[in-house]
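Student: Please give me a close look at one part of this model, with its helix packing. Explain each term as you go.

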Amino acid sequence: MLPTSPLKKRAAQKEKSQFTPQDEFSDLNPPISYRHLLSPHPGARDPLRVIALCDSDAFYAACEQVRLGVDPSRPLVVRQWDALIAVNYPARAFGITRMSSWRDALKKCPELTVVHVATYKEGDNAPGYWDNPDTATHKVSLDYYRRESAKIIAIFKECLPDGEIEKASIDEAFIDFTRPVRAELLARYPYLGEVPADAPNGLDTILPPPPPISWEGRGILIPIAPPPEDQAGPVSGTGTHTEDEEGDDDARRTWHDVALSIAAEFMDKIRAEVRIQLGYTTSAGIARNKFLAKLTASYKKRDSQSILRNAAIPNYLIPMPFQKIRFLGGKLGKAIADKFEVSSVGDLLPISIDEMQQKFGEDSIWVYEIIRGIDRAEVKEKPTLTKSMMASKNLPRPITKSSEGPHWFRVLAAELALRLNELRATDISAWPKTIVLHARHRYDWSRSKQAAFPFTRNVTADVIAGYADRLWKDLVGSGSKQDGSLPYSVTTIALGFSGVEAGETGQQSIEGFFRPETSTTSRLDGDGNDRQRTHGKKDQRETEGSSDDIQEIEPESTASFVCPRCHKRIEVELGDDGEGESEERRAKALMEHGDFHVAEDLSKMPDDGISGRSSQGLRAVERERKRKRESSARVEGITKFLVRRRDE
DNA sequence: GTACTTCAA
DNA sequence: GGTTGAAGTAC
């Protein structure tokens, strides 16, 4: 229970009341009953919840070190143009930081290995490693790191089939250990599995005292500072106590600590697995929720893991600069710091929720809870497939002519084509719904245009670049100036796919696209409508005729769809090797037909913008301008039809 | 759906 | 600082 209203608290603080910041942490030792332990679905409020965040140390540098077979104890940095984007720990020992320039780094450490990140240039169909790529002609590729990242996640999953894993960025993931830890808890302490006959409150009986914990080899414990003299600790209430060297502490030990220690064992094994199989060292934080796990991981970095027991939360959090907290590192955090002239979590604790809400509205509740160590966010497994895919380039010299765009599209498009096709090696049905082109003017603002991207099999750099050309014209206008100069200089060009889908949703869409054809008769029955739409195309009649005649034809051995664009009926032979194969054939057929339309689109690409009219000219730069869109004359891909069908 | 912004690593 | 990716907002 919170001791008093926040407003009173603030007033009280001014008069130097007995309130200490520690009093704000009211939920450090929640009662844990048999019901908690045995309930089938642990949620965010589970007192035995255990979350870890695991990240790779100097990830890009580690990738290069492993790729090149460099001795891990040797200093190595990853260079991007003149800057460094990763510095391994041996190199940090020389005082090299990510802010150093590559030449300075080499001065500090002559034996430094400097690896420039992989790059593309126009015409390349794969990124390559060069010692001195030119930013005027090349763009960097982070593809190798993405692939290595995926391997790490795969190991996490292998090691922990029952744990939820959420990839948080290229080099870090949250792991929810709650379920595996609970299973282990019951295995190690079988007496917890049954409510004792003499338990006073049945399932709601509090668990017996936890056993001693050996933290040896399980990670670094964030210390519980002993409470000040003649003041009870916020949790134990049992008066004086001391903490031994191991950090175990009879008075404060809880079953949650046991859970943390088991999670730490698991985490350690998983990290060892990553190190052995891939050669990457990692750091992890283990705590009761996501945000604390994240903060704990940064306690001691480099091939280690740290553990934050509930009892250690206040002393860890109070001196913490709150802008280190996830989502407070940006504008919101700065606004709060400026408004209240504070910098640490402890400074923020006395500020009442009302006071905060006046300025920061909805966000306040989240902030109020987070600085008290409360975070109910779930570890949610994200689909393996990323929803978007973007390739971007900061231009060394801003471009001022419209004609300078296409060169960069071809570079960006080559990368996108490679990445999409690589994705399709495993997810054949992966398809991006839209293609987006961004152009940024200086560091002030940017504009973007998007269009439907067709469901097509052969996604080549040319196809992508072709669509980008049209978006470019829509974005910067065409013919607005005689000499082809742009209405504004462009410092960044980014080309990407969004709405990338595959697997289940992709297959569902494809299913919906085809009409079920369990027998030849049922197909003929339902044909009236289709005939109207197909305008009696010849090939349609032919396929129908033949299937009508050949009665031996296996049910479901063929399927067909009518293209909404050309109204042709397309017949597909399905495989008989099970669902996987016929699914693949359906997808292929759709894409092959899409290819035809892509070719058609590209061959009669207008000089105009996509909407068929010249787009906003100079005036477009003004952000106030109203945009009127013509929705009718957009590129109609099969994709669009698929999307609509799925909703029906 | 489209264009734009914010946050993070 | 450059290159990504996701999510939220306004329309």
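Tutor: Two residues are in contact when heavy atoms of theirs lie within 4.5 Å. This is a predicted model, where local features need pLDDT of at least 70, side-chain atom pairs count only at pLDDT 80 or more, and totals for chains, interfaces and linings use all residues. Residues are numbered from 1 along each chain as written, chains are lettered from A and ligands numbered from 1 in the order written, and side-chain values use heavy atoms, without hydrogens or water.

First, the setting. Chain A contains 22 helices and 17 strands. Both are DSSP runs numbered from the N terminus: helices are H or I with at least four residues, strands are E with at least two. Of the 648 residues of chain A, 48% are buried. Buried means under 20% relative accessible area, exposed means over 50%, and partly exposed lies in between (1.4 Å probe, protein chains only). Take the contacts in chain A with a separation of 6 or more: 69% of them join residues 24 or more positions apart.

Now the close look. Our part is helix α6, residues 143-159. Two packed helices are described by the angle between their axes and the distance between the axes. Each axis is a line fitted to C-alpha atoms, for helices over the stretch in contact, and the angle between N-to-C directions runs from 0 to 180 degrees.

Start with helix α3, residues 59-68. The axes of α3 and α6 come within 10 Å and cross at roughly 90°. That makes α3 roughly perpendicular to α6. The cut-offs are these: under 35 degrees is roughly parallel, over 145 roughly antiparallel, 65 to 115 roughly perpendicular, and the rest oblique. From α3 come Phe59, Tyr60, Cys63, Glu64 and Arg67. From α6 come Tyr144, Tyr145, Glu148, Ser149 and Ile152. By class, this contact has six nonpolar residues, one polar and three charged. Here Ala, Val, Leu, Ile, Met, Phe, Trp, Tyr, Cys and Pro count as nonpolar, Asp, Glu, Lys and Arg as charged, and the others, Gly among them, as polar.

Look again at cysteine 63 of that contact. Cysteine 63 is buried, at 0% relative accessible area. Cysteine 63 is in no disulfide, and the nearest cysteine sulfur, that of cysteine 54, is 14 Å away. The structure as a whole holds zero disulfides, a disulfide being a pair of cysteine sulfur atoms within 2.5 Å.

Next comes helix α15, residues 405-426. Helices α6 and α15 pack at an angle of about 20°, with axes 12 Å apart. They are therefore roughly parallel to each other. The crossing is right-handed: the near helix is turned clockwise from the far one by less than a right angle, whereas anticlockwise would be left-handed. Asp143, Arg146 and Arg147 of α6 meet Glu415, Leu418, Arg419 and Glu422 of α15. One of these residues is nonpolar, none is polar and six are charged.

Aspartate 143 deserves a stop. It sits in helix α6. Aspartate 143 counts as buried, with a relative accessible area of 5%. Beyond its neighbours within four places in sequence, aspartate 143 is in contact with Leu418, Arg419 and Glu422.

Follow α15 onward to helix α16, residues 461-476. The axes of α15 and α16 come within 8 Å and cross at roughly 135°. These helices are therefore oblique to each other. Their crossing is right-handed. On the α15 side, the contact includes Phe409, Arg410, Ala413 and Leu416. On the α16 side, it includes Ile464, Ala468, Asp469 and Trp472. The full contact has eleven nonpolar residues, one polar and two charged.

Last, go back toward α3 by way of glycine 279. It lies in the loop between α8 and β10 (282-287). Glycine 279 is partly exposed, at 33% relative accessibility. Glycine 279 touches Val66 and Val274, leaving out residues up to four places away in sequence. Its C-alpha atom is 9.2 Å from that of glutamine 65, although the two are 214 residues apart along the chain.

Helix α8 (255-278) also helps to cover the buried residues of α7, as do α2 (34-38) and β8 (172-176). Those buried residues are Thr178, Pro180, Val181, Arg182 and Leu185.
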